[in-house]
Amino acid sequence: MAQGIEWSQQEVIEALEPYFKLGCSVNKACKYAGIAQSTVQTWVSADEELRLKIEAWQNELNEKARKIWAKQLEDG
């Protein structure tokens with residue numbers, strides 16, 4: 001994200017969401033998006049709902065993969 005531009009929390013989370021959905025940690029997602037990790041960590045520490053949302057996104061890929069594997073096992 002460009003320096004000198006103020007981003008809202010919503011805009012930052014929206015920018016990070018695709019990385020979280022790939023299973024990235026907060027650290028990696030922030031690095032890829034060019035966002036200060038400390039800012040996001042502060043938000044996550046203070047907002048349980050946000051923390052749970054990020055955890056759900058981070059687990060989404062694994063859940064999809066498990067469903068595919070289970071289906072393939074059932075189908076033989």
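Here is a guided walk through the structure above, from its overall outline to a few single residues. Keep in mind as you look that this is a predicted model.

Let's begin with the building blocks. The chain has 4 helices and 0 strands, and reading along the sequence gives the pattern α-α-α-α. You can find helix H1 at residues 9-21, helix H2 at 26-33, helix H3 at 37-46 and helix H4 at 48-75.

Now step back and look at the overall outline. Along its principal axes, the C-alpha trace spans about 55 × 25 × 15 Å. How does the radius of gyration of the chain stand against that of a compact globule of 76 residues? The globule would have a value near 11 Å, but the chain has 15 Å.

The surface comes next. About 5600 Å² of the chain is exposed, and carbon and sulfur atoms supply 51% of that area. Of the 76 residues, 22% count as buried. The chain also carries 9 positive and 12 negative charges, and the mean positions of these two groups lie 7 Å apart.

Let's go inside. The largest nonpolar core has 16 residues, and those with the most contacts inside it are Leu16, Phe20, Ile35 and Val40. Helices H1, H2, H3 and H4 each give two or more residues to this core. Leu16 is a good place to start exploring. Leaving aside neighbours within four places in sequence, Leu16 is in contact with Ala29, Cys30, Ala33, Ile35 and Val40. Two of these partners, Ile35 and Val40, you have just met among the residues with the most contacts inside the core.

Phe20 is another core residue worth finding, and its place is in helix H1. Is Phe20 buried or exposed? Its relative accessibility is 0%, so Phe20 counts as buried. With neighbours within four places in sequence set aside, Phe20 is in contact with Ser25, Val26, Ala29, Ile54, Trp57 and Gln58. Take Ile54 from that list: Phe20 and Ile54 are 34 residues apart in sequence, while their C-alpha atoms are 6.6 Å apart in space. For the chain as a whole, residues 24 or more positions apart account for 47% of the contacts with a separation of 6 or more.

Finally, visit two residues on the outside. Ala46 lies in helix H3. Why does Ala46 count as exposed? Exposed means a relative accessible area over 50%, and Ala46 counts as exposed because its relative accessibility is 69%. From Ala46 to Lys31 there are 15 residues in sequence and 21 Å in space, C-alpha to C-alpha. Asp75 belongs to helix H4, and with a relative accessible area of 54% Asp75 is exposed too. If you trace from Asp75 to Ala29, you cover 46 residues in sequence and 36 Å in space between the C-alpha atoms. Ala29, you may recall, is one of the contacts of Leu16 and also one of the contacts of Phe20.

Note on methods
Residues are numbered from 1 along each chain as its sequence is written. This is a predicted model: local features need pLDDT of at least 70, side-chain atom pairs count only at pLDDT 80 or more; totals for chains, interfaces and linings use all residues. Side-chain values use heavy atoms; hydrogens and water are left out. A nonpolar core is a set of buried Ala, Val, Leu, Ile, Met, Phe, Trp, Tyr and Cys residues joined through side-chain atoms within 4.5 Å. Buried means under 20% relative accessible area, exposed over 50%, partly exposed in between (1.4 Å probe, protein chains only). Contact means heavy atoms within 4.5 Å. The radius of gyration is taken over C-alpha atoms; the globule rule is 2.2 Å times the number of residues to the power 0.38. Accessible areas come from the Shrake-Rupley method with a 1.4 Å probe; for residues, only the protein chains shown count as cover. Lys and Arg count as positive and Asp and Glu as negative; His and the chain ends are not counted. The place of a charge is taken as NZ of Lys, CZ of Arg, CG of Asp or CD of Glu.
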